[in-house]
Amino acid sequence: MSTPLLSTSSTSATAVGTVHRLGSVDQVPVGEGRAFAVDGRQIAVFRLRSGAVHAVQARCPHKGGPLADGQIDGSIVLCPLHMNAYELATGCSTTGQPALAGYTVAVEDGELVLTVPG
Ligand code: FES
């Protein structure tokens with residue numbers, strides 16, 4: 001079953017793109033991913049046990065699988081549909097698929113802050 005999309009709480013424009021404050025980082029449990037609807041895109045945010053956060057396109061380039069529902073193995077997410085693997089830091093597939101689009105995400109004052117290039 002697919003997790004429902006979460007939405008943004010506020011936005012602002014900068015020279016590098018549109019900054020979206022997605023709300024509390026606790027919406028994404030440690031070791032999991034969640035999908036957000038941002039500017040008409042679906043973006044998956046992952047929170048690693050190391051404390052790192054990563055954001056990539058939410059739909060798998062193979063056949064559209066929900067990457068936010070995938071298993072995280074260290075720094076890699078496995079798509080739940082056919083188990084293709086993607087490096088979260090780079091978006092590159094380790095199983096021969098096209099790379100994922102990546103987005104800049106950080107945690108500021110306990111909130112996820114995502115930048116979408118404009
Ligand atoms: S849809 Fe993701 S591996 Fe096939």
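Is L67 buried or exposed? L67 is buried, at 0% relative accessibility, where buried means under 20% relative accessible area, exposed means over 50% and partly exposed lies in between, with a 1.4 Å probe and protein chains only. We will come back to this residue once the surroundings are drawn.

A word on the ground rules: this is a predicted model, in which local features need pLDDT of at least 70 and side-chain atom pairs count only at pLDDT 80 or more, while totals for chains, interfaces and linings use all residues. Residues are numbered from 1 along each chain as its sequence is written, and side-chain values use heavy atoms, with hydrogens and water left out.

## The chain as a whole

The chain has zero helices and 11 strands; helices (H or I, at least four residues) and strands (E, at least two) are DSSP runs, numbered from the N terminus. The C-alpha trace spans about 35 × 25 × 25 Å along its principal axes. A compact globule of 118 residues would have a radius of gyration near 13 Å, and the chain agrees, with 13 Å; that radius is taken over C-alpha atoms, and the globule rule is 2.2 Å times the number of residues to the power 0.38. Of the 118 residues, 39% are buried. Among contacts (heavy atoms within 4.5 Å) with a separation of 6 or more, 43% join residues 24 or more positions apart.

The UniProt record, an unreviewed entry, places the feature "domain: Rieske" at residues 20–114; such positions are given in the numbering used here, feature names are shortened, and annotations may be inferred rather than shown by experiment. Over residues 20–114 the chain is 0% helix and 46% strand, and the end C-alpha atoms are 5 Å apart.

## The eight-stranded sheet

Eight strands form an open sheet in the order 1-4-5-6-10-11-3-2, with mixed pairing. Its edges are strand 1 (6–7) and strand 2 (10–14), each of which pairs on one side only. Two strands count as paired if DSSP finds at least two bridges between them. Strands of a sheet pair through backbone hydrogen bonds, either parallel or antiparallel.

A good place to look is strand 5 (residues 41–47), which is mostly covered, with five of its seven residues buried. Strand 5 takes part in two hairpins. With strand 4, there are two residues between the strands, and D39 in the turn has a positive phi of about 50 degrees. With strand 6, there are five residues between the strands, and G51 in the turn has a positive phi of about 100 degrees. The table collects some pairings from both sheets.

| Strands | Bridges | Direction | Residues standing opposite |
|---|---|---|---|
| 1 and 4 | two | parallel | S7 and A37 |
| 4 and 5 | seven | antiparallel | G33 and F46 |
| 5 and 6 | five | antiparallel | V45 and A55 |
| 7 and 8 | three | antiparallel | D73 and I76 |

## The three-stranded sheet

Strands 7, 8 and 9 form an open sheet in the order 7-8-9, with antiparallel pairing. Strand 7 (71–73) and strand 9 (85–87) stand at the edges, each with a single partner strand, so one side of each is left without a neighbour in the sheet. From one strand to the next, the twist averages 30 degrees; the axes behind this are lines fitted to C-alpha atoms, and angles run from 0 to 180 degrees between N-to-C directions.

## Back to L67

L67 is found in the loop between strand 6 and strand 7. Not counting residues up to four places away in sequence, L67 touches F46, Q57, A58, R59, C60, V77, C79, Y86 and L100. One of these, F46, is the residue opposite G33 in the pairing of strand 4 with strand 5. L67 and A85 are 18 residues apart in sequence and 9.8 Å apart in space, C-alpha to C-alpha.

## The cysteines

How many disulfides does a search of the whole structure find? The search finds zero, a disulfide being a pair of cysteine sulfur atoms within 2.5 Å. For C92, the closest cysteine sulfur is that of C60, 14 Å away and too far for a bond. C92 is partly exposed, with a relative accessible area of 39%, whereas C79, one of the residues that L67 touches, is buried at 2%.
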